[in-house]
Structure formats: C-alpha cells, structure tokens
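Please walk through this model with the sequence at hand. The account below moves from a loop to the helices beside it, then to the core and the chain as a whole.

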Amino acid sequence: MSTSSALSTAGSRVFFQPAPGVGCVGSAGPISTGDDPVQKKQGKVTVKYDRKELRKRLVLEEWIIEQLSELYDCEEEEMPEVEIDIDDLLEVNSDDERASKLQESLIDCYKPTEDFVRELLGRIRGMRKLSAPTKKGL
C-alpha cells in the first residue's frame, strides 16, 4: 500500500494520506460496485465450545443456585460461599465420590441435602467437561 506523507507547518505532526483509489472499508472514498477489484473479505468466526453444551451448563448452574437458595433459606447475595465445580465433579469416576465431594461442599447446610445431591448427580450424568479445544493445523 503506498502512502504519501506531508509535514504540517503548525507543528511536527505527520499526516498519512492513502494513494488515490485505495481506501479502508467505511472511508469516505468512491462507492464500490461489483466490478471493483478490491473486495471486502469475509470474516472467519471460530467457536471454542459447543453452544448446546454451554446452554446445558448455564441451565444447570441456574438450577444449582435456585436449589442452594432453598437449602440455605436465603437469596443468592446472602448465601454462604459454596463452591460446586461441575468440571471437578465430572473428573471423578464414581457417583459415590461425587456425592462425597458435594456433601463436603454443603457441610454448613442445616437442611437435608441428599435429594439435591442425587438430583445434581443425575443432571450431570452424560455431560462433558468443558476444556479448551486443541488448535487444528494452521
């Protein structure tokens, strides 16, 4: 791309002006027609995660917050800090170990948590851990 520069007399600023007929998309230049050799390139969109999996995860997280609000009898803002890491649970091989991890997280809850744990384990069955995909050849 050839550019020409001109020094301003009102200071030491350098202004760059595009060569005639060359312009950026959206610049105030001649209106491009279908015959113009400079075509706008199409953008390439990449998706890191499967939208369906993300949606399932979001629905599950909203359900967990709702259930914890009921278990702790409070709103989300007032809830004690309870960390339930779905990916961490998915790494564990057996439901017994998962249930044990969940019970540890809910140790401060005074209400029975067995139904919540059983339902959560049922809901995560078949889910996959979300991990960043590997890059394919460039």
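Asp73 lies in the loop between H1 and H2. In this predicted model, Asp73 has a positive phi of about 50°, although it is not a glycine. Asp73 follows H1. A positive phi also comes after H4, where the residue is Gly126 and the value is near 90°.

The helix before Asp73 can be checked for length. H1 covers residues 51-71, and at 1.5 Å a residue its 21 residues should span 30 Å; the end C-alpha atoms are 30 Å apart, so the expected and actual spans agree. Which residues of H1 are buried? They are Glu53, Arg57, Leu60, Trp63, Ile64, Gln67, Leu68, Ser69 and Leu71. The list thus includes Glu53, Arg57 and Gln67 as well as Leu60 and Ile64. The partners against which these buried residues pack are helix H2 (86-91) and helix H4 (114-124).

H4 can be read in the same way. Phe116, Val117, Leu120, Leu121 and Ile124 are its buried residues. Because they cover an arc of only 130° around the axis, they sit on the same side of H4. Asp115 and Arg118, on the other side of H4, are exposed. The buried residues of H4 pack against H1, H2 and helix H3 (95-105).

Where do aromatic rings pair? A search of the whole structure finds one aromatic pair. Its members are Trp63 and Phe116, which are stacked, with 5.5 Å from centre to centre and 15° between the planes. The pair links distant parts of the chain, since Trp63 belongs to helix H1 and Phe116 to helix H4, 53 residues apart. Trp63 has a relative accessible area of 11%; this is under the 20% limit, so Trp63 counts as buried. Phe116 is at 4% relative accessibility and therefore counts as buried by the same limit.

The next topic is the nonpolar core. The largest one has 22 residues. Those with the most contacts inside this core are Ile64, Leu68, Tyr72, Ile84, Phe116, Leu120 and Ile124. H1, H2 and H4 each supply at least two residues of the core. Of the residues with the most contacts there, Ile64 and Leu68 are among the buried residues of H1, and Phe116, Leu120 and Ile124 are among those of H4. Tyr72 is another residue with many partners to list: leaving aside residues up to four places away in sequence, Tyr72 touches Met79, Pro80, Val82, Ser105, Leu106, Asp108 and Cys109.

The last step is the chain as a whole. Its secondary structure consists of four helices and two strands, and along the sequence the pattern is β-β-α-α-α-α. The protein chain has 138 residues, of which 22% count as buried. Among contacts with a separation of 6 or more, 53% are between residues 24 or more positions apart. The accessible surface of the protein chain is about 11,600 Å², and carbon and sulfur atoms account for 50% of that surface.

Terms used
Residues numbered from 1 in each chain as written. Predicted model: local features only at pLDDT ≥ 70, side-chain atom pairs only at ≥ 80, totals over all residues. Heavy atoms only, no water. Expected span 1.5 Å × (residues − 1). Buried < 20%, exposed > 50% of the residue type's maximum accessible area, 1.4 Å probe, protein only. Contact = heavy atoms within 4.5 Å. Core = buried A, V, L, I, M, F, W, Y, C linked by side-chain atoms within 4.5 Å. Phe/Tyr/Trp six-rings, centres within 6.5 Å; stacked < 30°, edge-to-face > 60°. Areas by Shrake-Rupley, 256 points an atom, 1.4 Å probe, with all protein chains shown as cover. Arc of directions from axis to C-beta.
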